[in-house]
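User: Please walk me through the core, the helix packing and a pocket of this protein.

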Amino acid sequence: MKVFKRVAGIKDKAAIKTLISAAYRQIFERDIAPYIAQNEFSGWESKLGNGEITVKEFIEGLGYSNLYLKEFYTPYPNTKVIELGTKHFLGRAPIDQAEIRKYNQILATQGIRAFINALVNSQEYNEVFGEDTVPYRRFPTLEHHHHHH
C-alpha cells in the first residue's frame, strides 16, 4: 500500500499532482475528471501547491465541497453517511454503535460540516495521518469482519 505524504517545502508540481489525485481517490472513491476538479477544487489545489494549506486542510475542504455533499451526504441516511465518512476520512469502518451514536448526534444537531470537522480534527486522525498525509484504508484485511448488518 502506498502512503502519500507531503514533504514540507516541496513545491514539486508532479508530487503535488500525485498527492491530489490520491486525495480524490480516497475521499471520492474515484478519480475526479479534470473539468470537475477545475470547477470545484482549483482554488484548493493551488493553495495546496503553494503551501498555503496543509494536506489535512485540503482533505477537509474536499469534504466540505458541494460534490462531496451531493455524492455522500444527500442521498443517504445518517448511519450510511457516518460509515462513508469514517471510511473516507479515517480509513476505517465505524468501530461500534457508540461511535455511530456519537457522530449521529453531531450530524443531527450540527450538520455534515461539523461531522467532517470532528473526523479530521480527531486525535485519531492527527496521530495516524497528521497534517501532511492523505488518509488511506487502514484495515483492508479486516473488511469482512466489520459489516454485520
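Analyst: Some notes on the model come before the questions. This is a predicted model, where local features need pLDDT of at least 70, side-chain atom pairs count only at pLDDT 80 or more, and totals for chains, interfaces and linings use all residues. Residues are numbered from 1 along each chain as its sequence is written, and side-chain values use heavy atoms, with hydrogens and water left out.

User: Which helix gives the largest share of the largest nonpolar core?

Analyst: A nonpolar core is a set of buried Ala, Val, Leu, Ile, Met, Phe, Trp, Tyr and Cys residues joined through side-chain atoms within 4.5 Å; buried means under 20% relative accessible area (1.4 Å probe, protein chains only). This core has 42 residues, and Tyr-24, Phe-28, Ile-59 and Phe-115 touch the most other members. Helices are DSSP runs (H or I, at least four residues), numbered from the N terminus. The largest share, eight residues, comes from helix 1.

User: At what angle do helix 6 and helix 7 pack?

Analyst: Contact means heavy atoms within 4.5 Å. Helix 6 brings Tyr-103, Ile-106, Leu-107 and Gln-110 to the contact. Axes are lines fitted to C-alpha atoms over the stretch in contact, and angles run from 0 to 180 degrees between N-to-C directions. The axes are 7 Å apart, and the angle is about 145°.

User: Which residues of helix 7 are buried?

Analyst: The buried residues of helix 7 pack against helix 3, helix 4, helix 5, helix 6 and helix 8 (123–128). They are Ile-112, Ala-114, Phe-115, Ile-116, Leu-119 and Val-120.

Notes. Buried < 20%, exposed > 50% of the residue type's maximum accessible area, 1.4 Å probe, protein only. Helix = DSSP H or I, 4+ residues; strand = E, 2+ residues; numbered from the N terminus.
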